[in-house]
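Please look through the sequence and the model before reading on. The report below moves from single strands and loops to the chain as a whole.

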Amino acid sequence: MSNIKCIGILTSGGDAPGMNAAIRAVTRSAIYNGIEVKGIMRGYRGLIYDEIETFKSNSVSNIIQQGGTILRTARSEEFRTPEGRKIAYEALVREGIDALVVIGGDGSLTGARILAQEFNYPIVGLPGTIDNDLFGTDSTIGYDTALNTIMQAVDKIRDTASSHERLFFIEVMGRECGFLALNGAIASGAEAAIIPEMSELKDQLADLISNGFRKSKNSSLVLVTEGNITGGAMAMAERVKKEYPQYDVRVSILGHVQRGGSPTANDRILASRMGAAAIDALLDDQRNVMIGIQNDKIVYVPFSKAIKKNKPVQEDLLRTLKILSI
Ligand code: ATP
C-alpha cells in the first residue's frame, strides 16, 4: 500500500484543451482517496519560485468546460539545469508533497523523468498536448479538440477557396508530428496532407501536383504541418509560385486558434479517465510512468518509451486520404 499523503499537480509546456478536466479529475480522485492536493502554478517555474497552493474539491469546480489551464503553464529554462531541479525538489520536500502529477508534452515529461531519476522521486505524467506526439497512447489530451477546430476552420476556407478556384495551403500545428494534418485532412475532405514523417521519403509537393491535384476540381485544400521539417505552408506556396506558376495559390496559417476553445466530449472524458488513473497508479506504487490509452484501455507507459518521439504514422490513413481525394 502506498504511503502517499499529499500530491502536487502542475501543467507545463504548451497548453491544451482538456488540461482543466485533467486537473479536476486528479484533484477529486486524490481527495476521494484521502490524499491532500497542492496546485503548483506555472509549471516547473512555480516549483522553483514557490507558487504553490492547497487545492480543495471546489478549487476545481466549473472548469471541466474551460480551455487553457487554471494552473497556468510556463516554460522554465532554470529547470533544465541540475541547480534548478535541486531547488524544485527542495520545494517539494518543504511542502510535504510526496508525489507529483505532471500534465504536459514530451518536453515536460522529459523533465519529469530526469527529476524522478535524480532524486528517486515518484512522478506520474499525463499526456497533455494537441500534437498527439507521445508514444504509447492512441490519443493525447487536447488532440481531439484541436482536430475539431481544424476541421471547422478548413470547412470555412473551403467555401471561399471553391468560389475562386484556388490551391490553398493550410498550416496546422504538430511540429515533428503529422497527426493533426493527416486526420484534419481526412475529416475536412482536403486533397492532401504534407507531413514531417513523409518529408524525408519523398517530395510530397511534386507528388501532389503530378498525381493528386487535378485542374478540374473547383479548388484544392492541402494541410501542411508547421515547422522546419516540412518548411510550412509559406514555403510550399513559394515553391508552387516558382515551379507551377499556372496555379493560383493561397496560404492560411491557423496558428493559436488550434490551442483554444472548450474541450470536446472526447477530450473531457479522456482527461477525466487519465486523471483518475494517475491517482490509481500512485496508489498502486507505479512510478515514472505516463498514463496512456490503447484500444480504449488505460495503460502505464514508462517515461523512457513515451518521450522517444517515434510514434509511427498510420499507413492506412495515408492510403485513405489518397483514395478519397480522387
Ligand atoms: P508542447 O508539446 O505542447 O510544446 P512540451 O511539454 O513538449 O509541450 P517544452 O517547452 O518542450 O513543452 O517543455 C516544457 C518544459 O519542460 C521546459 O520549459 C522545461 O522546463 C522542461 N523540460 C523540457 N525538456 C527538458 C529537459 N531535457 N530537461 C529538463 N527539463 C526539461
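In this predicted model, a good place to begin is strand β8, where Ser-220, Val-222 and Val-224 point one way while Leu-221, Leu-223 and Thr-225 point the other way, and all of these residues are buried. In a regular strand the side chains alternate between the two faces of the sheet. Because six of the six residues of β8 (residues 220-225) are buried, this strand is largely enclosed by the rest of the structure.

Strand β8 also has partners. It runs parallel to β6, to which it is joined by six bridges, and within this pairing Phe-168 has Leu-221 of β8 as its bridge partner. Strand β7 (residues 192-194) likewise runs parallel to β8, and three bridges join the two; here Ile-194 stands opposite Val-224 in β8.

A second covered strand is β5 (residues 123-127), in which five of the five residues are buried. From β5, Ile-123, Gly-125 and Pro-127 point one way, whereas Val-124 and Leu-126 point the other way, and all of them are buried. Strand β4 (residues 99-104) pairs with β5 in the parallel sense over five bridges, and Val-102 is the residue that stands opposite Gly-125 in β5.

Strands can also pair in the antiparallel sense, as β10 (residues 289-294) and β11 (residues 297-302) do over six bridges. In this pairing, Gly-292 has Val-299 in β11 as its bridge partner. The two strands form a hairpin with two residues between them, and Asn-295, which lies in the turn, has a positive phi of about 50°.

Which residue other than glycine in the loop between α2 and β3 deserves a look for its backbone angle? Asp-50 is not a glycine, yet it has a positive phi of about 60°, and its place is in the loop between α2 (43-48) and β3 (52-55). Asp-50 is partly exposed, with a relative accessible area of 35%, while Asn-295, in the loop between β10 and β11, is exposed, with a relative accessible area of 68%.

Several residues elsewhere in the chain are buried, and their contacts show which parts of the sequence meet. Ser-29 belongs to helix α1 (residues 19-32); at 15% relative accessibility it counts as buried, because the cut-off for buried is under 20% relative accessible area. If neighbours within four places in sequence are left aside, Ser-29 is in contact with Gly-275, Ala-276 and Ile-279.

Gly-174 has its place in the loop between β6 (167-172) and α6 (179-188), and at 1% relative accessibility it counts as buried. Apart from neighbours within four places in sequence, Gly-174 is in contact with Asp-131, Leu-180, Thr-225 and Glu-226, and of these Thr-225 is a residue of strand β8 described above. The C-alpha atoms of Gly-174 and Asp-133 are separated by 7.8 Å, although the two residues are 41 residues apart along the chain.

Thr-69 is found in the loop between β3 and α3 (82-94) and is buried, with a relative accessible area of 8%. Not counting residues up to four places away in sequence, Thr-69 touches Thr-11, Asp-15, Met-19, Asn-20 and Ile-23. Its C-alpha atom is separated by 8.2 Å from that of Gly-18, which is 51 residues apart from Thr-69 along the chain.

The strand pairings described above can be set side by side.

| Strands | Sense | Bridges |
|---|---|---|
| β4 and β5 | parallel | five bridges |
| β6 and β8 | parallel | six bridges |
| β7 and β8 | parallel | three bridges |
| β10 and β11 | antiparallel | six bridges |

Turning to the whole, the protein chain has 12 helices and 11 strands. Its radius of gyration is 21 Å, close to the 20 Å that the globule rule gives for 326 residues, so the chain is as compact as a globular protein of that length. Along its principal axes, the C-alpha trace spans about 65 × 35 × 30 Å. Buried residues make up 55% of the 326 residues, and of the contacts with a separation of 6 or more, 75% are between residues 24 or more positions apart.

The protein chain exposes about 14400 Å², of which carbon and sulfur atoms supply 48%. As for charge, the chain has 37 positive and 38 negative side chains, and the centres of the two sets lie 2 Å apart.

Terms used
Residues numbered from 1 in each chain as written. Predicted model: local features only at pLDDT ≥ 70, side-chain atom pairs only at ≥ 80, totals over all residues. Heavy atoms only, no water. Helix = DSSP H or I, 4+ residues; strand = E, 2+ residues; numbered from the N terminus. Rg over C-alpha atoms; globule rule 2.2 N^0.38 Å. Buried < 20%, exposed > 50% of the residue type's maximum accessible area, 1.4 Å probe, protein only. Contact = heavy atoms within 4.5 Å. Areas by Shrake-Rupley, 256 points an atom, 1.4 Å probe, with all protein chains shown as cover. Lys, Arg positive; Asp, Glu negative; His and termini not counted. Charge placed at Lys NZ, Arg CZ, Asp CG, Glu CD. Pairing = 2+ DSSP bridges.
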